Amino acid sequence: MSLLPAHRGTTAFRSISTMLGKGIHKAARISSRSPIEMIATILILSSFSYFYLFNKARTSDIFSGTATRIYPTFVYADANAAQFKEIASHERDSIPNHIKVQLKQISITAKSTSNLLDKQTLSSLLQFQNTIEHAQIDDYLNQVGFHSLCFKLPNGECFTQSLSQVFKEQDLQDIDRSIHDNLEAAQTIFGDLNLNESTASSVSFAFAFNTSTDYRQHLSHLWEQKLSTLSTSDIVSLSKANEHQDIFTWLFIVTKNIVVRIKELIELADNIDIIVILAGYVMMLATFASLYINMRSLGSRYTLATAVLLNGFFSFMFALLTVSALGIDVYPVILAEAIPFLAVTIGFERHSKLTRRVFQISKETPLTKQEIRKTIMRAVDSVALPIARDAVMEITVLTLGAKSGVAGLREFCLLSAILLAYDFIIMFTWYTAVLALKLELLRIREINGKSNKIDKSSATTGTGFIRSAVVKAFSDTTNTATATTSSSAKTDEPMIGKLKLSMIIGFVAMHLFKVCTTFEGSTGPHVSVTEPGIVRVLERLLEQHRASDLRHLPLLVQVFPPVLFHVSSPLGKGLVPDSIKRPLDVLFDAYAVYIQHPVISKWITLGLFVSLFLNTYLLKMAKEPAKPTANASTPIEPTPVPVVAPVTTTAMAPKRHTRQGVIRTVEECMELIHTPDSLSDEEVIALVQKGKLASYALEKVLGDLERAVVIRRALISRASITKTLEHSLLPFHNYHYDKVMGACCENVIGYMPIPIGVAGPMTIDGELIHIPMATTEGCLIASAARGCKAINAGGGATTVLTADGMTRGPCVEFPSIVGAAACKRFLEGEGAEIIKEAFNSTSRFARVRKLKVALAGRLVYIRFSTTTGDAMGMNMISKGCEKAMSVLSTHFPEMQIISLSGNYCTDKKPAAINWIEGRGKSVVAEAVIPGAIVQKVLKTTVAALVELNISKNLIGSAMAGSVGGFNAHAANILTAIYIATGQDPAQNVESSNCITLMKAINDGQDLHISCTMPSVEVGTIGGGTILPPQQAMLDMLGVRGPHPTEPGKNAQRLARIICASVMAGELSLCAALAAGHLVQAHMAHNRATTAAAPAPGTCIKS
């Protein structure tokens, strides 16, 4: 009896269904919103999969000169066995603790001569053997060779079968004597060895690998792949011999191999197996025909049916790639037998159901009045869960079949389950995007009056009766053409789903009970371990194992088929040196593979044509003007505009989207809202004033960001008191509104130009740097430039970074101070690492450096101090704090989160904690100014500057009760640089915390000045730094974007520059005050020369 409530399973099922439905909804929403991007993404992924699978298949038997593939054989010897015995591949998993060895073979044959036992050929073979033994593979950590992977003998040497066993120390002076002295080894290595005539037609090498771990097995596989690509001037790999064949030779080899392979299979197969496979192919062709007929009945001739087939092809490639990544071998024979059953059992009715539902909803109202994305989403939401339910049931049955021990069926079911999952995913991404694009093109045609109406009454005339009968025979729908939308949604074609599920269950059951054996025995011939050469190698391997310290462990050997090479003919060698020839060969090989290959080149050509056609078609449709509809009898009264001084023909405000005649009615305008270019500006303004369109949504609806700004200016101007904004001199043309939207500003009406200048250059940490400053205060940049000049004369400024940590201070509350104190102890003790780990998991860059906890009654304030890379980091750290608070609440369930920011940070407010603990970047800058420079450039003395700094910056600020304001005007310089480089100007409150110190050194002759700024909050990515003008200033400073190798380095460098610039401003202002020049300078440079009444004007010249 179950102890769980009866409804628990239903609730769990509903939650899973809800989660699955949300996932499908989100994927379909992205696909319908950006269909071209989704199609391009799937095509790119599919192309990579195709190239990988094709390059892998090129080394198989189907693409090479041999028609029969040989598979590895497993042999096993326990601790007491005198010889190996052959075992099946599935039996190796049941062997207890054992040593696993892979035996790789190499066979080299003579191509142009029947003898390998001449001195020149043997020298080439020994050289090639040395190349093999020292070949290196890259495991992404270091270089690994054969000697690191081999099976070691008791004396520490690697087990091999090579020419070194016959020709000791590679001595080729007396070949016959060496062979007679090592006859047993020579008979094992050389094929067709004739001692009387001293001839041999082939030579065999063997290399044993210790593959007791999966990682070593992977490296062994990489070594074999590397080996198959090795070639010398005399010895060539057979896998590379056919690379430069022309297309006809290549197709002939493939066709011959397929025919020979099919003939072999037919001769070995039973009659029932042949019937089953033949029936599968017939049903597959019928399924394809049914797909095209069904899609044609829905209104698509070829496009959608072809898209569905591509959907299945992409899923098949992804499934093959996944199975290959899992290390499961799916042999070509299994694929040949599985493809028809995959097409039949998986089928295409899911795509037909989704397509039918989309077209049903699209016919409810004219396409010109629909938002295609919403139409697609309605259709997806109505069929997603039934389709998902059927897919999950089918995948479950196939997964159970994959768990069976039946060889062949296991691989087929696993491939089918994975393929079905990919087909499900791609249907709601790729195919949904295709449907959205199809409807969008149909909608554009209707808008332009080019939709061709099909006379459906003629569908049954003439030969139409026969065609309709064929459609009914192959159609996979149970709904009639006159069925309502609600009834079609309810039926969900249950018979097809049940029939498919029954077919899958029956198919799996037939193989489980061995009614037929289509997938069994399909692995082909294996390596023969009874040949004398292999037998001698295995005997020697077992003998060496028995002499080792691990003799008590069983030995499992996987014998691989030989990698084939041949000795090339000496004829045909050119006069070009190898040093020039080899790089050219590599270049032409790559060119041949990717450009001239008979298959890849066709795909590239097809992709280019499809891209060209699609872009040309879309451009043509977009350029065709829409035909305006007739005006209704009741026009909208235009809103009266107050009489103001009009600005006539100016370059600042050109008229766009104007329309002669009466403004159309609201109803007419709403019908055209999805084609905003057909509406005039006044009609859009009327829609907003009537409440049919939100002012904040103008950019999204119109698609033209600058036009949205123009219309919003008109709306605000006509609703304001002064009625001046619409024709004001606030600029709005030629701005990067695409960068602003959703990132920097909302309800945009233009942009505010601020003059920007440079101070310097100043030598900062040994580099000359020009300092950009955006300001409207006269004399500020000139004063800073004078400070830079004085600092440069003393050797420049030196800066140090003392701390880097942005802060956020959440506030939480407990029922009592006991709980609050327990939380404080937890965070300062064992809980610190838990909270840090939770916080750090939310970002690649955010790392907690320090936690500071304080109590105020039942309230607990937690100040996180973290690094944030090159970003200023408030969003990043807020996300981390949210995660950390979630983890903390699991340890203290009674805790209540009051605010994610409890003003314990503290952000954009004066606070002693920022001054004491620091926030953002903590920087110190210093410089030494020679006394002569103080008098010549700054027009004052060292003693006067020191006295003024003490009296003003230190004592005066203390008298005022200042916190962090022990300076002359640090905020002036910092804010000007902030605005120029896209920082948050509001953060100058805490960022301008600064203490300026001056001291006479060198017996009072020279001046030492320093500025300490503990809370400079800057970033070089995000926020205003995404705008092109601000990026240009960051580029000038050399700190734009993230640092390529050291995250955070650019933001730290910017903070150093700011601190040094502040020091220059402090030095110059204090000197002006000490000399009494401040008022005179401002009167001369910061006042207008005329006393006339100001008139409105612009700083942008037309």
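The buried residues of helix α32 are V942, L945, V946, L948, N949, N953 and S957. This helix belongs to a predicted model of a protein chain that holds 37 helices and 22 strands. The points below begin with α32 and its surroundings, then turn to the strands, the annotated spans and the chain as a whole.

**Helix α32**

- The buried residues of α32 pack against two helices, α31 (931-936) and α36 (1049-1075).
- They also pack against the strands β20 (965-966), β21 (994-1001) and β22 (1006-1016).
- Helix α32 covers residues 942-959, and its 18 residues should span 26 Å at 1.5 Å a residue; the end C-alpha atoms are 24 Å apart, which agrees with that expectation.
- A kink of about 25° is present in α32, with its centre on N949; N949 is also one of the buried residues of the helix.
- Just after α32, the residue G961 adopts a positive phi of about 70°.

**Strands β19, β21 and β22**

- Strand β22, against which the buried residues of α32 pack, is mostly covered, with nine of its eleven residues buried.
- Strand β19 (residues 920-929) runs antiparallel to β22, and eight bridges join the two.
- Within this pairing, K921 has V1016 of β22 as its bridge partner.
- Strand β21 is likewise antiparallel to β22, through seven bridges.
- Here L997 is matched with S1010 of β22 as its bridge partner.
- Four residues lie between β21 and β22, which form a hairpin.
- In the turn of that hairpin, N1002 has a positive phi of about 55°.

**Annotated transmembrane regions**

- An unreviewed UniProt entry places the feature "transmembrane region" at residues 274-295, 302-324, 330-348 and 412-433.
- In the model, residues 302-324 are 96% helix and 0% strand, and the end C-alpha atoms of this span lie 33 Å apart.
- Residues 412-433 are 100% helix and 0% strand, with 30 Å between the end C-alpha atoms.

**The chain as a whole**

- The protein chain has 1102 residues, of which 44% count as buried.
- Among contacts in the chain with a separation of 6 or more, 75% are made by residues 24 or more positions apart.
- The chain exposes about 56900 Å², and carbon and sulfur atoms supply 60% of this area.

How values were computed: Residues are numbered from 1 along each chain as its sequence is written. This is a predicted model: local features need pLDDT of at least 70, side-chain atom pairs count only at pLDDT 80 or more; totals for chains, interfaces and linings use all residues. Side-chain values use heavy atoms; hydrogens and water are left out. Buried means under 20% relative accessible area, exposed over 50%, partly exposed in between (1.4 Å probe, protein chains only). Contact means heavy atoms within 4.5 Å. Accessible areas come from the Shrake-Rupley method with a 1.4 Å probe; for residues, only the protein chains shown count as cover. UniProt positions are given in the numbering used here, feature names are shortened, and annotations may be inferred rather than shown by experiment. The expected span of a helix is 1.5 Å times one less than its number of residues. The bend at a residue is the angle between axes fitted to the seven residues ending there and the seven starting there. Two strands pair if DSSP finds at least two bridges between them.
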